[in-house]
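Please read the following dialogue alongside the sequence and the model. A learner asks how to read several features, and a teacher replies.

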Amino acid sequence: MKKVDWLKIIKISIGCCFAVFLADWIGLRSATSAGIIALLSIQNTKKETLTIAGKRISAFFIAVAIAYALFTLWGYHLFSFGFFLHYTSENQFGQVFDRY
């Protein structure tokens, strides 16, 4: 049976609560989403956590650039949205960051 790491559980709980508090404080409508993202982003080491944060930030900016280009060229239509989802899905888009 695995030993429970209570300190890690407490750190994750505090981090998630702080993320929800901060998101609510700045006025985001879905503040609990910040807690969920924080929960999914916390890794075993600081290096792994920062690596995943960097990948997510990079992916965000690339996705925004792709969305801007597609929706500017083709307009806000279902086809444009489907094309965007296809090319930014984990199977297509996530492979860019697997080599780092």
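The dialogue turns to aromatic pairs, a surface patch and cysteines.

Q: What kind of model is this, and how are residues numbered?
A: This is a predicted model, in which local features need pLDDT of at least 70 and side-chain atom pairs count only at pLDDT 80 or more, while totals for chains, interfaces and linings use all residues. Residues are numbered from 1 along each chain as its sequence is written, and side-chain values use heavy atoms, with hydrogens and water left out.

Q: How many aromatic pairs does a search of the whole structure find?
A: A pair of aromatic rings is described by the distance of the centres and the angle of the planes. Rings of Phe, Tyr and Trp (its six-membered ring) pair if their centres lie within 6.5 Å; planes under 30 degrees apart count as stacked, over 60 as edge-to-face and the rest as tilted. The search of the whole structure gives six aromatic pairs. One of them joins F60 and F61 in an edge-to-face arrangement, 5.2 Å centre to centre with 70° between the planes.

Q: Which arrangement do F71 and Y76 form?
A: F71 and Y76 are stacked, with 5.1 Å centre to centre and 20° between the planes. Ring pairs also link F71, Y76 and F84 into a cluster.

Q: Are F71 and Y76 buried or exposed?
A: Buried means under 20% relative accessible area, exposed over 50%, and partly exposed in between (1.4 Å probe, protein chains only). F71 is buried at 16%, whereas Y76 is exposed at 72%. As for the edge-to-face pair, F60 is partly exposed at 48% and F61 is exposed at 54%.

Q: Which residues make the nonpolar surface patch?
A: Patches are made of residues with over 30% relative accessible area and no salt bridge (a side-chain nitrogen of Lys or Arg within 4 Å of a carboxyl oxygen of Asp or Glu). Nonpolar side chains (Val, Leu, Ile, Met, Phe, Trp, Tyr) are joined within 5 Å, like charges within 9 Å. Here F18, F21, L22, W25, I26 and L28 make a nonpolar patch of about 710 Å², with accessible areas from the Shrake-Rupley method and a 1.4 Å probe. I26 is exposed at 55% relative accessibility.

Q: Why does the count of disulfides come to zero?
A: A disulfide is a covalent bond between the sulfur atoms of two cysteines. The rule requires a pair of cysteine sulfur atoms within 2.5 Å. The count is zero; the sulfur of C16 has its closest cysteine sulfur in C17, 6.9 Å away, which is too far for a bond. C16 is buried at 14% relative accessibility, whereas C17 is exposed at 55%.
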